[in-house]
2 protein chains.
Amino acid sequence: MQDLIPSLVRKSDSKIVLVVLDGLGGVRTSSRGTELSEANTPNLDRMAAEGMSGVHTVVGPAITPGSGAGHMALFGYDPVKYLLGRGALSAAGVAFDLRAGDVAARVNFCTLDKDGRVIDRRAGRIPTEENIRLCKILRESVKMEGDVEFFLETERDHRGLLVLRGMGLSADLKDTDPGVIGITPNPPIARSNEAAGTAIIVERFLDQVRLILAEEQANFMLLRGFDTLRPIEPFALRYLLRARGTASYPMYRGLSKIVGMDVPPETAGWEETVEDLKASWDDYDYFFLHQKPTDSAGEDGDYERKIAAIEQVDRTIPEILALNPGVVCVTGDHSTPAAFMRHSWHPVPFLMWGENVGVDLVDRFDEEAARLGGFGHQYAKDLMAFMLAATMRLGTYGA
Amino acid sequence: MQDLIPSLVRKSDSKIVLVVLDGLGGVRTSSRGTELSEANTPNLDRMAAEGMSGVHTVVGPAITPGSGAGHMALFGYDPVKYLLGRGALSAAGVAFDLRAGDVAARVNFCTLDKDGRVIDRRAGRIPTEENIRLCKILRESVKMEGDVEFFLETERDHRGLLVLRGMGLSADLKDTDPGVIGITPNPPIARSNEAAGTAIIVERFLDQVRLILAEEQANFMLLRGFDTLRPIEPFALRYLLRARGTASYPMYRGLSKIVGMDVPPETAGWEETVEDLKASWDDYDYFFLHQKPTDSAGEDGDYERKIAAIEQVDRTIPEILALNPGVVCVTGDHSTPAAFMRHSWHPVPFLMWGENVGVDLVDRFDEEAARLGGFGHQYAKDLMAFMLAATMRLGTYGA
């Protein structure tokens, strides 16, 4: 069904704005409403009244999505078919420009005992600054053979990204992370003949890492999720859209890049994200705006901070609508209920507002109201098609 | 899942009536309700109160269906798997009895300048009478070689249907319609070796057309959507039903024929359609009744005319129920909101009424009420199975 959409796409001048409040969805408890139901959101409520609401399941029933899957779905890519591997997501997370043929892996700095056994898979969760220092040392000291280059990027705490670039590399390697402590890390083992050369390259790389970091607390690294960039049809081809993705966190800029959006530098926060929208309005057809603090607050179980992050977006809605978009969709990439302090499977409310959307009887924006909305219960991956339809970009199916 | 249904079908004496109000669905706006919500429909409301309601998505989320796709879905055939090409639909549109092996194409009479370039792809939208005159001339004058026959039928205005009948023909030909003006029509080009012979036959046909029509305003024809009849399992085999399709427009009679229904001559309108139902009641198990003006009025943006067309059907409901059907389903093949003046993707309300349907709390028939009904949100292609179940025609799955 999904594959029908690109075949029906045509051009239009009407603009699309997707506002993602990360981890927006919440759950009621016996003592509290959801964050969205408790937030004071006069502007979002007005959009709900003038438009149509619904809830979306992000991946499938009962499945708790990661951020990568949630955003791929909102961008209209089936998150099961277009699952991003850990390597590609790590690259997205540091906005690394992963290229075809590159092999990427998640790095965990770790601590080995004197016999080479893993005693801490996170090296005592070293601070990010320490991670940066170690990466710098390794970049300067490790020597690669032949034409192979390596890139080593800090993510956060003990986590990082390793990318190998060169001819004929393969990502068909087993993790070196043994997953438990008390044993030695696994060597990089090729899962196919084609990866045998790459296994040797990784082994020689790790031998040097072990020597160079010998005196550090984080005296080695574990590699997981060897991955390559899988071909993804970019927005411009798939939807005939000039798309821009604006976010204050590298991960979401990286995800935007993966689907071919133009990505400005990191914004300082939501207000600056909206400023970027206004400044670039004439140059794009589709805008993805990302608000991160809703998710972080939800993970911290902090109702008030999550509510404040929702209200911050609400206050800027008039500025967005003043630009005269063809359709605005406001939603989340998954639920992060403050009541649970983690991502959850719960359906995420969404509203769509625009001249060709339609109007239902829902007049406020929250989980309970959205469930009764005109969209009913949808899958996240189909929201993009509704936005295309609302901007007259989808032709009729069948004669 | 769909393929399970035919394997569970058994016979029953209980009768099925499907009432299709073409383009029934509407959308609310800030100033008006939907056509169905504004219509005075005491009988349909009573059926909703005594039965169960729901909404259906016709093809897929955000996809605006054509009439062919909408009806195939309501007849229980997956509209993606059973997509009808333009040629087969044109044949349906004039109720042409397309046979296996026939090659059908949509004809547009056009105007060429003296250098053979297309200057009007619709020949000034010649009146239907002119189209009839030109088809008659061509039928009398064009000579085919060998055993190939041709059929040329007027649709409306500048549009028509060409069918070639003979051994070894192939529809694997490119359109001759260049899609733009200012250039010459494309020759009929074979897309495969198998179609090479057919391409020559079409070329010789078109050479004669050009000579014969040289002095006319519509001095040539463009061909699009070469197509054959794809095998479709007929109603009688698929559902063990003797089925009758009654409509006042050729297109819907043609669609009924495609799935193997018996089709009486065009009716003059809804009242006569209901008369046909009553007259043929004893001879069939399944009746498809089609009301066209709901769609035409929606496309004209004429709320009052669409409402009147709905109310016209409502008034005849007591006559239909008096026949003691096992189940009656009332719905549309897609939405044609008067607010939008075109087909749209919006889910279509439906109600089902009958002894084995069940009852929900919905007590009126409109989009908002139906959304809360016992059927919830379904796909159009599954409604047929609910009608079979409601007439005790579906066995239990699994022991």
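Colleague: Which residue is the bridge partner of A:V20 in β10(A)?

Modeller: A:T331 is the bridge partner of A:V20. Bear in mind that this is a predicted model.

Colleague: In what sense do strands β1 and β10 of chain A pair?

Modeller: The general idea comes first. Strands of a sheet pair through backbone hydrogen bonds, either parallel or antiparallel. Here β1 (residues 16-21) and β10 (residues 327-331) of chain A pair in the parallel sense, over 5 bridges.

Colleague: In what order do the 7 strands of the open sheet run?

Modeller: Read β8-β9-β1-β10-β11-β2-β12 in chain A, with mixed pairing. β8 (243-246) and β12 of chain A are the edges; each has a single partner strand, so one side of each lacks a neighbour in the sheet. Direction ignored, neighbouring strands are turned by 20 degrees against each other on average.

Colleague: Which strands does helix α12 of chain A lie across?

Modeller: Helix α12 (residues 303-321) lies across β1, β9 (286-291) and β10 of chain A. Its angle to β1(A) is about 170 degrees.

Colleague: How many residues does each chain bring to the contact?

Modeller: A word on size. The size of an interface is often given as the accessible area lost when the parts come together. Here we have residue counts: 21 from chain A and 27 from chain B. On the side of chain A that touches chain B, β12 (376-379) and α14 (383-390) each supply at least two residues. α14(A) gives the most, with 4 residues. That side of chain A divides into 11 nonpolar, 7 polar and 3 charged residues.

Methods: Residues are numbered from 1 along each chain as its sequence is written. Chains are lettered from A and ligands numbered from 1 in the order in which they are written. This is a predicted model: local features need pLDDT of at least 70, side-chain atom pairs count only at pLDDT 80 or more; totals for chains, interfaces and linings use all residues. Two residues are in contact if their C-beta atoms, placed from the backbone, lie within 7 Å. Ala, Val, Leu, Ile, Met, Phe, Trp, Tyr, Cys and Pro count as nonpolar, Asp, Glu, Lys and Arg as charged, and the others, Gly among them, as polar. Two strands pair if DSSP finds at least two bridges between them. Axes are lines fitted to C-alpha atoms, for helices over the stretch in contact, and angles run from 0 to 180 degrees between N-to-C directions.
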